[in-house]
Amino acid sequence: MTLWLTALLVWMAAGARVGRVLVKPATTARVAIVVAVAAVALAATVAVPEIAVAIDNLLPQGVRAGWLSDGVVVSAWIVFIAATSVVAFAAWPICSRQNLRQVAMAIYSIGIVSVTITIAWSFTFGWEVVTLGALFIVITGLRNLDWTTLGRGIAIYTTGTAVVAGLAVLEIQRAFTDAPPVPPGQPNWAWQAWEVASLLIAFGAIWIVVELWVRARLLLRQIKLLHRILVGRFPEVVAHDQTGTSTQLRASDQVAQIMDALYLQSGGGVVLAAVAPPPRSVAERAETVAQWARNPLGDVALDARWIAPPEGISPRGWVQAIARAYDATTLEPVRN
């Protein structure tokens, strides 16, 4: 059952990558990621014993147990290595956007030749190709690790590829030690490890989409009250012709609407000589703006200098700071 579930999850990840290509420019790297994840999904699907047996008996007279399905699995992992190598090569300084497409065609050609040799001659050769390609991908991934959304996705994807490299080495070792083949209808000898590798690669490929969605949902929850109050005072900041958008776009729109409403409340961007300049402390400044946003007719008077995001902070981060300070106050919201 878990093999079926793994295949389903990896296919869902491949579908998510296809959707990303449809809504963004289909660059060489984005297309390569789609090919890579689809290849992993194919390998995970053929790893299901029932599907493997069906593939092994596609020919009229049938084939010896495990021959054709094993070849499909090895070939799928070679395609994964080839496609991911395109993305990995793009991360090296010697590569430019102008020559990436030519390099990609050369790598795909090598992959096709490797698949042909693997099917016609030796599966062990295919696992050797997978091992060498996976090592190149892991080295490239380690060079590009950092604590960003992209860096975290690369770390997960690289970890899955490292597991594939280790499993490919073990496949080569089994071939040289004449290990007995897996009986028909039984999972592969290391099916749990292959599942982990497939899921890590799939999750790493969609990590950016998942993290941005989660962060957008959290942001919408944080700014919900502040947005409702300010939009209630200044409904003109909302474009009435807006249609349904993604969670990320809706979060960005609400941040912009809050900033626009704050500027309108401050007088449309004017600078008042009677108002002191904002302090350097972001927390103190956010608390003051939150109090002023809650009660604009109170003792606090602010101008555009207070509304502008502090140096080094994005509008999204600044709105989050104001929203947190707004929610932390104990005063009742002003009724409009």
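Start by selecting Gln 265, which is buried at a relative accessible area of 16%. Keep in mind along the way that you are looking at a predicted model. Gln 265 belongs to helix H11. Show its surroundings, leaving out residues up to four places away in sequence, and you'll find it touching Leu 230, Arg 233, Phe 234, Trp 292, Ala 293 and Pro 296. Now draw a C-alpha to C-alpha distance from Gln 265 to Asp 303: the two are 38 residues apart in sequence, and the distance comes out at 8.8 Å.

**Next stop: Trp 292**

One of those contacts of Gln 265 is Trp 292, so click on that one now. Trp 292 sits in helix H12, residues 282-294. Is Trp 292 buried or exposed? With 3% relative accessibility, Trp 292 counts as buried. Set aside the neighbours within four places in sequence, and Trp 292 is in contact with Leu 262, Gln 265, Ser 266, Val 300, Ala 301, Leu 302 and Ile 307. Pick Leu 302 from that list and check the backbone: Trp 292 and Leu 302 are 10 residues apart in sequence, with their C-alpha atoms 7.5 Å apart.

**Across to helix H10**

Leu 230 and Arg 233, two more contacts of Gln 265, take you to H10, where both are buried. Colour the rest of the buried set in H10 as well: Leu 226, His 227, Ile 229 and Val 231 are among them. What do the buried residues of H10 pack against? Bring up helix H11 (247-265), H12 and helix H14 (315-328), and you have the packing partners.

**The positive patch**

Switch to a surface view and select Arg 217, Arg 221, Lys 224, Arg 228 and Arg 250, which together form a positive surface patch. Helix H9 (207-222) and helix H10 (224-233) each give at least two residues to this patch. Arg 217 is the one to click on here; look for it in helix H9. Arg 217 is partly exposed, at a relative accessible area of 39%.

**Along H9 to the salt bridges**

How many salt bridges does a search of the whole structure find? It turns up two. To see one of them, show the side chains of Arg 152 and Glu 211, which meet at 2.4 Å, N to O. Arg 152 is in helix H7 (residues 149-176) and Glu 211 in helix H9, so this pair ties together parts that are 59 residues apart in sequence. Both ends are tucked away: Arg 152 is buried at 17% relative accessible area, and Glu 211 is buried at 11%.

Stay on Glu 211 and add Arg 215; their side chains form a salt bridge too, at 3.7 Å, N to O. Arg 215 and Glu 211 are four residues apart in helix H9, which means about one helical turn separates them. Arg 215 counts as partly exposed, at 41% relative accessibility. Show all three side chains at once and you have a salt-bridge network of Arg 152, Glu 211 and Arg 215.

**Last stop: Arg 17**

Finish in helix H1 (residues 2-23), where you'll find Arg 17. Which side chain of opposite charge is nearest to Arg 17? That's Glu 211 again, but it is 12 Å away, and Arg 17 is buried yet has no salt bridge. Not counting residues up to four places away in sequence, Arg 17 touches Arg 30, Ile 33, Val 34, Val 37, Ala 205 and Ile 206.

Note on methods. Residues are numbered from 1 along each chain as its sequence is written. This is a predicted model: local features need pLDDT of at least 70, side-chain atom pairs count only at pLDDT 80 or more; totals for chains, interfaces and linings use all residues. Side-chain values use heavy atoms; hydrogens and water are left out. Patches are made of residues with over 30% relative accessible area and no salt bridge: like charges are joined within 9 Å, nonpolar side chains (Val, Leu, Ile, Met, Phe, Trp, Tyr) within 5 Å. Accessible areas come from the Shrake-Rupley method with a 1.4 Å probe; for residues, only the protein chains shown count as cover. A salt bridge is a side-chain nitrogen of Lys or Arg within 4 Å of a carboxyl oxygen of Asp or Glu. Lys and Arg count as positive and Asp and Glu as negative; His and the chain ends are not counted. The place of a charge is taken as NZ of Lys, CZ of Arg, CG of Asp or CD of Glu. Buried means under 20% relative accessible area, exposed over 50%, partly exposed in between (1.4 Å probe, protein chains only). Contact means heavy atoms within 4.5 Å.
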